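Please open the structure in your viewer and keep the selection tool at hand, for this tour moves from one selection to the next and says at each stop what is to be found there.

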Amino acid sequence: MTTTQTQAAAQLPIENPGEAYKRRKTTRGNFELYSWVFMRASGVVLLVLIFVHLFVNLVAGEGITAIDFGFVAGKWASPFWQVIDLVMLWLAMLHGTNGMRTIVNDYAERDGLRMWLKIALYTAFVVVTVLGTLVIFTFDPCPADAPANLLPSFCTA
Amino acid sequence: MPSAPAGTLYRGREGMWSWVAHRVTGVLIFFFLLVHVLDTSLVRVSPEAYNAVIGTYKNPIMGLGEAGLVAAIVFHAFNGIRLMLVDFWSKGTRYHRVMLWVVMGLFVVTMAGFLPRHLMHVFGGE
């Protein structure tokens, strides 16, 4: 080691010698990194869930013409479809809201506009996700006061 | 407006247009999703309320809209896989154009399987 380097080291002592080297000293967290990873991970899962959803609801059986209360009740009478649809609801809302957040950040250049658009976006996320979750869990496939011909066949059995 | 740099990897070609299409389809799907959760929530109100609203969807105009929605979802899904391959596969950036044509090919095959059956349901009557 040369004399100048020794002097420089003496003037600037290492504060925590055992600490790992950090390339970036100031940080605002890794939120954007996790969001980037989440979009890819949730995207793969959503591809499978939504393709199954579209096949079961639009292609199999009578397709779109068969969709009514009895069809939905028939699915949600089973915990399997409740869980599938709950996971799909949450992943799709998070994936979609995060995508919209990216777009708002890209195009809404005025601070005030960007803030209000994001407040509206996050409000829509909370309202729709909470509503959808409550509906899946509090749903009754055989409401007592409803006409029997609108209900799935197992209600009268 | 700042002038566009020439000869960049993405600008104005397959990379940029697939990125634009991914954003546009993503926004469309998001707004549909909000409406879709709200209308499905009517099952919690009453069978009559749900059937009444779903009944207004059962016409040719909404049927074509559903076909467009499925097209947007299929493109967004396959292009999303392509975008992950560009990110994670070592040769992804080299083949990103070829992969867009693979995406379009898979899109055509998937829609060819879906459209006839869906349009039959929509226009075929009961």
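Begin by selecting A:Leu121, A:Ala124, A:Val128, A:Leu131 and A:Gly132 in helix 5 of chain A, and then add the residues they meet in helix 1 of chain B, namely B:Phe30, B:Leu34, B:Val37 and B:Leu38. Of the residues in this contact between the two helices, 8 are nonpolar, 1 is polar and none is charged. Please keep in mind throughout that what you have on screen is a predicted model.

Now show both helices in full, helix 5 of chain A together with residues 14-40 of chain B, which make up helix 1 of that chain. Two packed helices are described by the angle between their axes and by the distance between those axes. Here the angle is about 40 degrees and the axes are 9 Å apart, and the crossing of helix 5 of chain A with helix 1 of chain B is left-handed.

Next, widen the selection to the whole contact between the chains, to which chain A contributes 45 residues and chain B 38 residues. Chain A and chain B bury about 3400 Å² between them, and 75% of this area lies on carbon and sulfur atoms. If you pick out A:Arg40, A:Ile64 and A:Phe69, you have the three residues that supply 16% of the area chain A buries against chain B, more than any other three.

Where do the charged side chains meet across this interface? Select A:Asp106 and B:Arg23, whose side chains form a salt bridge at 2.5 Å, N to O; the interface of chain A and chain B holds 2 salt bridges. There are also 9 residue pairs in polar contact between the two chains. On the side of chain A that touches chain B, helix 2 (31-59), helix 3 (69-76), helix 4 (79-107) and helix 5 (111-138) each supply at least two residues, and helix 4 gives the most, with 11 residues. That side of chain A divides into 31 nonpolar, 10 polar and 4 charged residues.

Finally, select A:Glu32 and A:Arg101, whose side chains meet in a salt bridge at 3.0 Å, N to O. Because A:Glu32 lies in helix 2 of chain A and A:Arg101 in helix 4 of chain A, the pair ties together parts that are 69 residues apart in sequence.

How values were computed:
Residues are numbered from 1 along each chain as its sequence is written. Chains are lettered from A and ligands numbered from 1 in the order in which they are written. This is a predicted model: local features need pLDDT of at least 70, side-chain atom pairs count only at pLDDT 80 or more; totals for chains, interfaces and linings use all residues. Side-chain values use heavy atoms; hydrogens and water are left out. Contact means heavy atoms within 4.5 Å. Buried area is the accessible area (1.4 Å probe) that two parts lose on being put together, summed over both. A salt bridge is a side-chain nitrogen of Lys or Arg within 4 Å of a carboxyl oxygen of Asp or Glu. A polar contact is a pair of N or O atoms within 3.5 Å; within protein, one must be able to donate a hydrogen and the other to accept it, and residues adjacent in sequence count only if both atoms are side-chain atoms. Helices (H or I, at least four residues) and strands (E, at least two) are DSSP runs, numbered from the N terminus. Ala, Val, Leu, Ile, Met, Phe, Trp, Tyr, Cys and Pro count as nonpolar, Asp, Glu, Lys and Arg as charged, and the others, Gly among them, as polar. Axes are lines fitted to C-alpha atoms, for helices over the stretch in contact, and angles run from 0 to 180 degrees between N-to-C directions. A crossing is left-handed if the near helix is turned anticlockwise from the far one by less than a right angle, and right-handed if clockwise.
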